[in-house]
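This report introduces the structure shown below to a reader who has not met it before. It begins with charged side chains and then turns to nonpolar ones.

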Amino acid sequence: MGMTLDEARRRDKDDPLRGLRDAFLLPDGVIYLDGNSLGPLPRAAADAVARTVRQDWGQGLIGSWTSGPSWMDWPRRIGGKIARIIGAEADEVVVADSTSVNLFKLMVAALRAQAERPELLLEEGDFPTDLYMAEAAARFVPGTRVVVAARADILSRMGQDTALVVLCHVHYRSGARHDMAAVEARARETGALVLWDLSHSAGAVPVALDACGASLAVGCGYKFLNGGPGAPAFLYVSRRVRDGLETPLPGWMGHAAPFDFAARYAPAGDAARFACGTPPVLGLAALEAGVDVFLHADCDALFAKSGALFAAFQDGVGAGLDCLTPTDARARGSHIAFRHERADDIIADLAKRGVVGDFRPPDLMRFGLTPLYTGFGEIHRAAEMVRACAIWRQG
Ligand SMILES: *Cc1c(COP(=O)(O)O)cnc(C)c1O
């Protein structure tokens, strides 16, 4: 069962992406399978932040906003790089705020644009912040009611009453991935808008927003994009819908010409109309280093390796564990989840042995399998340890 250690070593030797690991500073002796919660440190991020602090801030002072590094352009410029990873045009993506705040802005905008439709539809058990923000957005747009449906019922629940559907493309617990093209096709049929949360997708699986006819998306900078703790998030608004959408938080950075200091708000022509206040430059410097790693990599090869790591891990853990994640590579993300009544103990046992995964109450353990810096040898070792710890904790 599973690949042998020799096979794993051979696959590492033959892996064309192997060199990408050197782009990261990882502690020795640690097998890091939690990049789905916090990506590791890209080497270039440490330098970029230091340069931004000492040179651009220290020496350039206020001039750095508009010349030299030109910080003012960073949310659009880095948004344009993320756009390439998620299948969008540069002017459809901007880096701003946190995922939670971006969810709120886009939810309210979409609900107001579809005011004749009363329903905001979400998936049961989706990420808490999405559910909380939906309740708040609904209170903001009178007449809206929040409907929470089981995953299997989402498509059939979409109808003439649906204003907006908010879905996590890859589920944070199970790792199950929605078929974006199919959901968007149903959305076109019913006239609903869909807002995708790409927090567990961007940098983890192929995403083709424009090709699927998507309208709205948000996502996280500090998970698979490796942008650092609390990295700014991004949002996507397609060219097709943006002129009809107004941000509920019209800060000056979303203005068409912030430095005109005009008395009246006029939205920027691109996705940056959903920006709000002054961008967090130090966070952006780190995020860009994380995003740049992808732009130097062949994404098809990356996502293929993610599938191979997954298969190897699942194989190595064996059939004795209850795996929640779909086996079909097209129907899952880049993490794998198992249910076990002693999941918290197993994750603690593994951490003592240098394998970092995470525990989600009440009984879930998750392991992020990130092709940028994880090798088959590590997967082989980690899977053996997971299996051994699970058997041991079974008593
Ligand atoms: C991680 C995550 C978030 C994070 O939101 P923040 O505002 O950055 O804290 C949101 N949605 C999903 C699905 C996530 O996995």
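In this predicted model, the side chains of Arg186 and Glu189 form a salt bridge, with an N to O distance of 2.7 Å. Both residues belong to helix 7, which covers residues 180-190, and they stand 3 residues apart, about one turn of the helix. Glu189 is exposed, because its relative accessibility is 57% and the exposed class begins over 50%. Arg186, at 23%, is partly exposed.

A second salt bridge joins Arg273 to Asp243, at 3.6 Å from N to O. Arg273 and Asp243 both lie in the loop between helix 9 (239-242) and helix 10, so this pair ties together parts that are 30 residues apart in sequence. What are the relative accessible areas of Arg273 and Asp243? Arg273 has 7% and counts as buried, because buried means under 20%. Asp243, in contrast, has 61% and is exposed.

A third salt bridge is formed by the side chains of Asp328 and Arg330, with 3.3 Å between N and O. Asp328 is partly exposed at 35%, whereas Arg330 is exposed at 66%.

The three pairs are set out below.

| Salt bridge | N to O distance |
|---|---|
| Glu189 and Arg186 | 2.7 Å |
| Arg273 and Asp243 | 3.6 Å |
| Asp328 and Arg330 | 3.3 Å |

The structure holds 23 salt bridges. Some charged residues are linked in a network of such bridges, made up of Arg77, Lys81, Glu288 and Asp292.

The nonpolar side chains are considered next. In soluble globular proteins, nonpolar side chains tend to be buried together. The largest nonpolar core of this model comprises 55 residues. Which residues have the most contacts inside this core? They are Ile82, Ile86, Met158, Trp196, Leu198 and Leu209. Helix 10, residues 281-295, is the element that gives the most to the core, with 7 residues.

Leu198 illustrates the surroundings of one such core residue. Leaving aside residues up to four places away in sequence, Leu198 touches Ile86, His169, Met180, Val207, Leu209, Ala217, Val218, Gly219 and Phe234. Two of these neighbours, Ile86 and Leu209, are also listed with Leu198 among the residues with the most contacts inside the core.

Nonpolar side chains are also found at the surface. Trp57, Leu61, Ile62 and Leu282 make a nonpolar surface patch of about 460 Å². Within this patch, Trp57 has its place in helix 2, which covers residues 43-57.

Technical notes
Residues are numbered from 1 along each chain as its sequence is written. This is a predicted model: local features need pLDDT of at least 70, side-chain atom pairs count only at pLDDT 80 or more; totals for chains, interfaces and linings use all residues. Side-chain values use heavy atoms; hydrogens and water are left out. A nonpolar core is a set of buried Ala, Val, Leu, Ile, Met, Phe, Trp, Tyr and Cys residues joined through side-chain atoms within 4.5 Å. Buried means under 20% relative accessible area, exposed over 50%, partly exposed in between (1.4 Å probe, protein chains only). Helices (H or I, at least four residues) and strands (E, at least two) are DSSP runs, numbered from the N terminus. Contact means heavy atoms within 4.5 Å. Patches are made of residues with over 30% relative accessible area and no salt bridge: like charges are joined within 9 Å, nonpolar side chains (Val, Leu, Ile, Met, Phe, Trp, Tyr) within 5 Å. Accessible areas come from the Shrake-Rupley method with a 1.4 Å probe; for residues, only the protein chains shown count as cover. A salt bridge is a side-chain nitrogen of Lys or Arg within 4 Å of a carboxyl oxygen of Asp or Glu.
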